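Morning, everyone. I have one chain to walk through today. Please put the model up and keep it in view.

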Amino acid sequence: MRKFFQEIKADLKFKTAGPGQKLSEPSRAPREKPKAEAAPKPRQAPTDEAQMAAAAALARLELKPKGKAPSCSQESIKNQVRRELMAEAAASEKGLPEEEKEEGAAAPSVSGVYFICPLTGAVVRKDQKEKHLREAIQAYFSVDPVAASIMEIHTFNKDREKVRVGVETMAKYLDNIYLHPEEEKYRKIKLQNKVFQERISCLEGAHKFFQAVGFETKTLPVPGQGKEGQNSPEEQFYVLKEEVLARLEDLRDWKEQLLSSEPLRARLDRQLRLFQPSPEAARFELPDDFYNLSADEIRREQRLRTEAVEKASMLRTRAMREKEEQREMRKYNYTLLRVRFPDGYILQGTFYAREAVSVLYSFVREALRDDWLPFELLGPGGLKLTDENLAFNECGLVPSALLSLSWDAAVMADIEAAAEEQPHSPLRPELLARVQTL
């Protein structure tokens, strides 16, 4: 009988251990210490093919109709032992602290939210994004001071209406000089002028722009404001340098550039990853970056969620439920999405929570060897994502979700029939070359 139980344990270990993992066996009885000169060799983990075969066999076993059998039958004993060992193994895994878990335990799904600087191409964390962008624009002054100052004006002044009004006023100053180069009055701007103070001086980067295009600061008398017999009071002016008049076309170009520029935005790094088939595909561990909440607020939300479970029996109207769903959707700025292919490979990327589903379709197509292949994406529960204009948070795909990809069966059948060689993966070779384990 002892030998029979040992065989059951070995069979269960073979069926439940993942690639590169060993399932911790529950302690039953003290083992004899192995002799130093004859230490047992570590058992190799089964291959992926073996595990899939074992899982299929176990599934067939579970689906077989069970006839009435005496409680002492071998099948009843075997099932009971399997349930006990699986329960003990799960409890053992849960009890392990993070630092004691075996290699191959699931790592965090993503370490954070990252952005790509449009000037340097550097990938930086979300909390370092603005600092890096400021440093990059500051460094760009040595390359093109006019362009750098325009970047500052449009990027770091958050009130878009103030930026519009200020930029239009600045463009008017340049336009007057370009259209009337002989008029000296248009080449001077009084810094204490009310319009200049209210519309321009308050904008970050505006003074750098005037200096970059060729204005210099001078203290000049103000005609007509002095008392009789006294000198006119002096004030500060921006005065255009004489040499700039020989480059009036540059002034016109700078004016157009000032009016047409947009805020410089760091691009969200998708952090594209490809994983091998894994039963951990539906498990997500997200950092705080994905939430539109502080760490304290997240902990509070978790406490409130726990309390809400106790009040689940309370009846809510449809309006109450919809209001709560809208509030839930606003908690997330980003979402981590995984797309599982029919062959088991898992494609992962980071997205804004308010981006449209069409962005995910494009993301998947860019990962394909042939981007024309027709496919459908199925959300949790097998729901087809047919409306590509909906945002991820409107589809309930936040802060994370596992989706499935389904090929057009007729097209894939034609491709396989026409293929002279063994069908290859539809994913790009460079992605397959850096596939990871989830």
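I'll go from the whole chain to the cores, then to helix pairs, then to a few single residues.

First, a caution. This is a predicted model. Keep that in mind throughout.

Now the overview. The chain has 14 helices and 11 strands. It runs to 438 residues, and 32% of them count as buried. The exposed surface comes to about 28100 Å². Carbon and sulfur atoms supply 50% of that area. What about contacts along the sequence? Take the contacts with a separation of 6 or more: 69% of them join residues 24 or more positions apart.

On to the cores. In soluble globular proteins, nonpolar side chains tend to be buried together. So where do we see that here? The largest nonpolar core holds 29 residues. Which of them touch the most other members? Phe-341 and Leu-360 do. Several elements each supply at least two residues of this core. On the strand side, these are β8 at 334–340, β9 at 346–352, β10 at 375–378 and β11 at 400–407. Helix α12, at 357–366, is on that list as well. In fact, α12 gives the largest share, five residues.

Zoom in on Phe-341. Leaving out residues up to four places away in sequence, Phe-341 touches Leu-347, Val-364, Leu-368, Leu-405, Trp-407 and Leu-427. There is also a second, separate core, with 26 residues. Its members include Val-146, Met-170, Ile-189 and Ala-206.

Next, helix packing. I have two pairs to show.

Pair one is α6, residues 160–179, with α9, residues 248–260. Their axes lie 9 Å apart, and the packing angle is about 165°. Angles over 145 degrees count as roughly antiparallel, so α6 and α9 are roughly antiparallel to each other. Their crossing is left-handed. Who meets whom? From α6, the contact residues include Val-167, Met-170, Ala-171 and Leu-174. Across from them, α9 brings residues including Leu-248, Leu-251, Leu-258 and Leu-259. Charged names appear too: Glu-168 and Asp-175 are among those on α6, and Arg-252 and Lys-255 are among those on α9. Note Met-170, which is also in the second core.

Pair two is α4, residues 129–140, with α5, residues 145–156. Here the axes come within 8 Å and cross at roughly 155°. That makes α4 roughly antiparallel to α5. The α4 side of the contact includes Leu-133, Ile-137 and Gln-138. The α5 side includes Ala-148, Met-151 and Glu-152.

Stay on Glu-152 for a moment. It sits in helix α5. Is Glu-152 buried or exposed? Its relative accessibility is 5%, so Glu-152 counts as buried. What surrounds it? Beyond residues up to four places away in sequence, Glu-152 touches Ile-137, Gln-138, Phe-141, Asn-157, Glu-204, Gly-205 and Lys-208.

Last topic: backbone exceptions. Most residues other than glycine have a negative phi, and most peptide bonds are trans. Here are two departures.

One is a cis peptide bond between Val-398 and Pro-399, with omega about -5°. Pro-399 is in the loop between β10 and β11.

The other is Gln-271. It is not a glycine, yet its phi is positive, about 50°. Gln-271 falls in the loop between β6, 267–268, and β7, 273–275. With a relative accessible area of 13%, Gln-271 is buried.

That's my tour. Questions, please.

Notes: Residues are numbered from 1 along each chain as its sequence is written. This is a predicted model: local features need pLDDT of at least 70, side-chain atom pairs count only at pLDDT 80 or more; totals for chains, interfaces and linings use all residues. Side-chain values use heavy atoms; hydrogens and water are left out. Helices (H or I, at least four residues) and strands (E, at least two) are DSSP runs, numbered from the N terminus. Buried means under 20% relative accessible area, exposed over 50%, partly exposed in between (1.4 Å probe, protein chains only). Contact means heavy atoms within 4.5 Å. Accessible areas come from the Shrake-Rupley method with a 1.4 Å probe; for residues, only the protein chains shown count as cover. A nonpolar core is a set of buried Ala, Val, Leu, Ile, Met, Phe, Trp, Tyr and Cys residues joined through side-chain atoms within 4.5 Å. Axes are lines fitted to C-alpha atoms, for helices over the stretch in contact, and angles run from 0 to 180 degrees between N-to-C directions. Angles under 35 degrees count as roughly parallel, over 145 as roughly antiparallel, 65 to 115 as roughly perpendicular and the rest as oblique. A crossing is left-handed if the near helix is turned anticlockwise from the far one by less than a right angle, and right-handed if clockwise.
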